[in-house]
Amino acid sequence: MTSVADTLLDSDFADAVVRGLSQPRKVIPARYLYDRRGSELFEEITELPEYYPTRTETGLLNAHAPEIGRIAGTGKVVVEFGSGSSTKTPVFVEALRAAAYVPIDISASFLRDAAARLARMLPELDILPVAADFTKPIALPSAVKGRPMIGFFPGSTIGNLTHAAAVDLLRAFRATLGGEPWLAIGIDLRKNPRLIEAAYDDSAGVTAAFNLNLLARINRELDGNIPLDAFEHRAPWNDDLGRIEMHLAATRDVRFHAGGETFSLREGETIHTENSHKYTIEEARLLARAAGWRPVRYWTDARALFSFHLWRGDADAMEP
Ligand code: AVI
């Protein structure tokens, strides 16, 4: 049965697709890559040999989570933004000796499954899931209100936002956490563009399938007839903007309908589907300050592929 929430999400998707494909430079927001199939393909991406972020960040957390606990202090409420499958959570909540764990995710079914899995692994942990859009300030469960908090935002998801949107998001985190919170955040680093391009265009074609699934999703959910064989995955590095982009490029002139409208693309024209910004350490620290956080400490791996940061939201770090 279709719930009210599903209906709202469907009409959001239809609006975004029709609006995005009607623009001179066609674009569809990256969040629509993650239907059930897209989420499965993303999980596969995280295990690819070329996709260094997940295993490098996991290595950093395994090595340094206890130190994060020593600096920020243990016994806090851990609030994870966009918790998804909560794969990196156990090592963090254990090292922080969390008083409670609040996973926030827009997908209620993901939250339920992840919370159940975590409860089996850590039966002592108080888990209080919140189904909400973490890009907006959120009311946390009353059981944790006013208690010392640490936000947890691994995976370099911050990189999927423009700089301005990243600042807004980090400010929203502060508003959600309240008081003088801490934030532990993973940020992918700028590096040799060839390494980044390989990570977003792997030899097994999983990232290509992840990107092309968006067109299949449009066909499935918005009554589309997009010929998938007329599109190919592209992942160019944009050096000026410090980001890897994902596009779906038309391999020939193509015309199709979706969401009740008709669209056409010329050969070579693209639909822009994702940005993944990479930061230098200094840029990451500037980002923190711009959003009212004080950088306290950061860790990188030996090859300087990825960084993990600990920030503090001091009362006086917030601009009016
Ligand atoms: C979820 N996000 C941090 C991933 C990234 O690396 O930007 C999404 C992704 N897109 C292609 N591969 C992975």
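The shell around the ligand in this predicted model is made up of seven nonpolar, six polar and one charged residue. Both domain 1 (4-33 + 194-277) and domain 2 (52-191 + 279-317) chip in, with at least three residues each. There's also a pocket to look at, the second largest, and charged residues feature in its lining.

**Who sits around the ligand**
- The ligand has 14 residues around it, and the nearest are Tyr51, Asn160, Tyr200, Glu274 and Ser276.

**Polar contacts to the ligand**
- Tyr51 puts a polar side-chain atom 2.5 Å from an oxygen atom of the ligand.
- Tyr200 likewise has a polar side-chain atom 2.5 Å from a ligand oxygen atom.
- For Asn160, the partner is a nitrogen atom of the ligand, which lies 2.9 Å from an N or O atom in the Asn160 side chain.

**How covered the ligand is**
- On its own the ligand would expose 340 Å², and the protein buries 95% of that.
- Helix 2, helix 8 (206-221) and strand 12 (270-277) are the elements that each give two or more residues to the shell around the ligand.

**The second largest pocket**
- This pocket holds about 160 Å³ of space.
- Its lining consists of Arg36, Ser39, Glu40, Glu43, Ser85, Ser109, Phe110, Asp113 and Arg117.
- Sorted by class, that's five charged residues, three polar ones and one nonpolar.
- Helix 2 (36-45) and helix 5 (108-121) each provide at least two of the lining residues.

**Where the two sites share an element**
- Helix 2 turns up twice: it gives two or more residues to the ligand shell, and at least two to the lining of the second largest pocket.

How values were computed: Residues are numbered from 1 along each chain as its sequence is written. This is a predicted model: local features need pLDDT of at least 70, side-chain atom pairs count only at pLDDT 80 or more; totals for chains, interfaces and linings use all residues. Side-chain values use heavy atoms; hydrogens and water are left out. On a 1 Å grid over the protein atoms alone, a cavity is a set of points where a 1.4 Å probe fits but cannot get out, and a pocket is an open set with protein on both sides within 12 Å along at least five of seven lines; lining residues have an atom within 4 Å of a point. Grid points are joined across faces, edges and corners, and a volume is the space filled by probe spheres set on the points. Helices (H or I, at least four residues) and strands (E, at least two) are DSSP runs, numbered from the N terminus. Ala, Val, Leu, Ile, Met, Phe, Trp, Tyr, Cys and Pro count as nonpolar, Asp, Glu, Lys and Arg as charged, and the others, Gly among them, as polar. A residue is near a molecule or strand if one of its heavy atoms lies within 4 Å of it. A polar contact is a pair of N or O atoms within 3.5 Å; within protein, one must be able to donate a hydrogen and the other to accept it, and residues adjacent in sequence count only if both atoms are side-chain atoms. Accessible areas come from the Shrake-Rupley method with a 1.4 Å probe; for residues, only the protein chains shown count as cover. Domain bounds come from an automatic or database domain assignment.
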